[in-house]
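Me: Please take a close look at the nonpolar core of this protein, and then set it against the charged pairs and the surface around it.

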Amino acid sequence: CLVIMLGLGGLFTTRYMGAGIQKQATEYYNAHNFKVFDLASTYGISEANIEKIRSAEAVKDAEGVIQAAGSVYFRGKKRNAIIISLTESVSVPDVAEGRLPAGKDECMIGEDFAEIEGIKVGDRLSISLTGLASESGLTGNVDMEIDMEGADTEENDEKKETGSSLYSKEFTITGLMHHPDFLRRKSDNTVSLPLSAFNTEVTEGLYT
C-alpha cells in the first residue's frame with residue numbers, strides 16, 4: 001500500500017501540479033491586471049506619453065508609475081526597499097490585511113516584509129528615496145542635486161534634506177499587500193504609496 005501510495009503521489013504530482021500552478025497563476029494575473037509590458041525612462045514619462053500608448057492598437061490599458069529605490073526606518077532599524085506608487089488599473093496590489101493607503105502620510109507594505117520584521121498595520125515608519133531625481137528631471141540617481149566636485153560629506157548631507165520627492169517623511173501603515181510585480185517578495189522589500197504622496201513639483205509630474 002505504501003509503495004502504491006508513493007507511486008500514485010509521484011504520478012499525480014508530475015501530471016497535475018504544473019497545470020494547477022499555471023491555472024492559479026493565470027487567475028491571479030488576470031484578477032490583478034498584471035502588466036504585459038514595462039516601459040522605463042530616466043528622462044521621465046508624461047501623461048501625454050501614456051495617452052499615446054493607451055490609444056495604440058491592441059493596448060488594453062496603460063498607467064503611469066513612480067518607482068524608486070529607497071530606505072525604510074523603523075524601531076531603530078534601516079532596510080532597503082522598493083518604493084512604488086499605487087495603481088488603479090494595471091498591476092493592482094492585492095490587499096492581504098487592512099486597506100489601501102489614501103493620505104499623503106499613509107503606505108502599504110509587502111506581507112512578507114511585515115512578517116519578517118514584525119511590522120503590523122498601524123505602525124509608523126520613515127521613508128527616504130535614493131533613486132528619484134529632482135528639478136532637472138528623473139535621472140534615476142538621487143533625490144536631490146549633489147555637487148560632486150569638492151563638496152564634503154556634511155554639505156552633501158545638508159543638500160539631501162532639500163527637494164524631497166515625498167510630501168511626508170513619516171508614514172502610517174494602513175495595510176499589507178501582495179504586489180503582482182514582486183511575487184518573489186522575500187527577495188524585495190516593497191512599499192506602496194498613493195500617487196498623491198509624491199511631490200509633483202520635484203518630479204515635474206513625470207512617471208518613471
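Reply: What follows starts with the model as a whole, turns to the core, and then moves outward to the surface.

The structure is a predicted model, in which local features need pLDDT of at least 70 and side-chain atom pairs count only at pLDDT 80 or more, while totals for chains, interfaces and linings use all residues. Residues are numbered from 1 along each chain as its sequence is written, and side-chain values use heavy atoms, with hydrogens and water left out.

The protein contains five helices and seven strands, taken as DSSP runs numbered from the N terminus, with helices (H or I) of at least four residues and strands (E) of at least two. Read from the N terminus, these elements follow the order α-α-β-β-β-β-α-β-α-β-β-α. Of the 208 residues, 35% are buried, where buried means under 20% relative accessible area, exposed means over 50%, and partly exposed lies in between, with a 1.4 Å probe and protein chains only. If a contact is taken as heavy atoms within 4.5 Å, then among contacts between residues at least 6 apart in sequence, 72% join residues at least 24 apart.

The largest nonpolar core has 25 residues; such a core is a set of buried Ala, Val, Leu, Ile, Met, Phe, Trp, Tyr and Cys residues joined through side-chain atoms within 4.5 Å. Those with the most contacts inside this core are Ile109, Leu125, Ile127, Val191 and Leu193. Two or more residues each are given to the core by strands E1 (67–74), E2 (77–85), E4 (106–110), E5 (124–129), E6 (170–178) and E7 (190–193), and by helix H3 (111–117). Leu193 shows what such a position touches: leaving aside residues up to four places away in sequence, its partners are Ile83, Ile84, Ser85, Leu86, Glu106, Cys107, Ile127, Leu166, Phe171 and Phe198. One of these partners, Cys107, is buried with a relative accessible area of 0%, whereas Cys1 is exposed at 87%. The count of disulfides, pairs of cysteine sulfur atoms within 2.5 Å, comes to zero.

Several elements that give residues to the core also carry charged pairs. The count of salt bridges comes to 10, each being a side-chain nitrogen of Lys or Arg within 4 Å of a carboxyl oxygen of Asp or Glu. One of them joins Lys77 to Glu117, with the closest N and O atoms 3.5 Å apart. This pair links distant parts of the chain, since Lys77 lies in strand E2 and Glu117 in helix H3, 40 residues apart. Lys77 is partly exposed at 31% relative accessible area, while Glu117 counts as buried at 12%. Glu170 forms another salt bridge, with Arg124, at a closest N to O distance of 3.3 Å. Glu170 lies in strand E6 and Arg124 in strand E5, so the pair ties together parts that are 46 residues apart in sequence. Both residues are partly exposed, Glu170 with a relative accessible area of 42% and Arg124 with 43%. Salt bridges that share partners also join Lys35, Asp38 and Asp181 into one network. Within this network, the closest N and O atoms of Lys35 and Asp38 are 2.5 Å apart; Lys35 is partly exposed at 23%, and Asp38 is exposed at 55%.

Two positions deserve a look for their backbone. Most residues other than glycine have a negative phi. Arg75, however, has a positive phi of about 50°; this residue is found in the loop between E1 and E2 and is exposed, with a relative accessible area of 54%. Glu204 likewise has a positive phi, near 60°, in the segment after helix H5 (200–203), and is partly exposed at 42%.

On the outside, Ile4, Leu8, Leu11, Phe12 and Tyr16 make a nonpolar surface patch of about 510 Å². Patches are made of residues with over 30% relative accessible area and no salt bridge, like charges being joined within 9 Å and nonpolar side chains (Val, Leu, Ile, Met, Phe, Trp, Tyr) within 5 Å. Phe12, found in helix H1 (residues 2–31), counts as partly exposed at 44% relative accessibility. The accessible surface of the protein comes to about 12700 Å², of which 54% belongs to carbon and sulfur atoms; accessible areas come from the Shrake-Rupley method with a 1.4 Å probe, and for residues only the protein chains shown count as cover.
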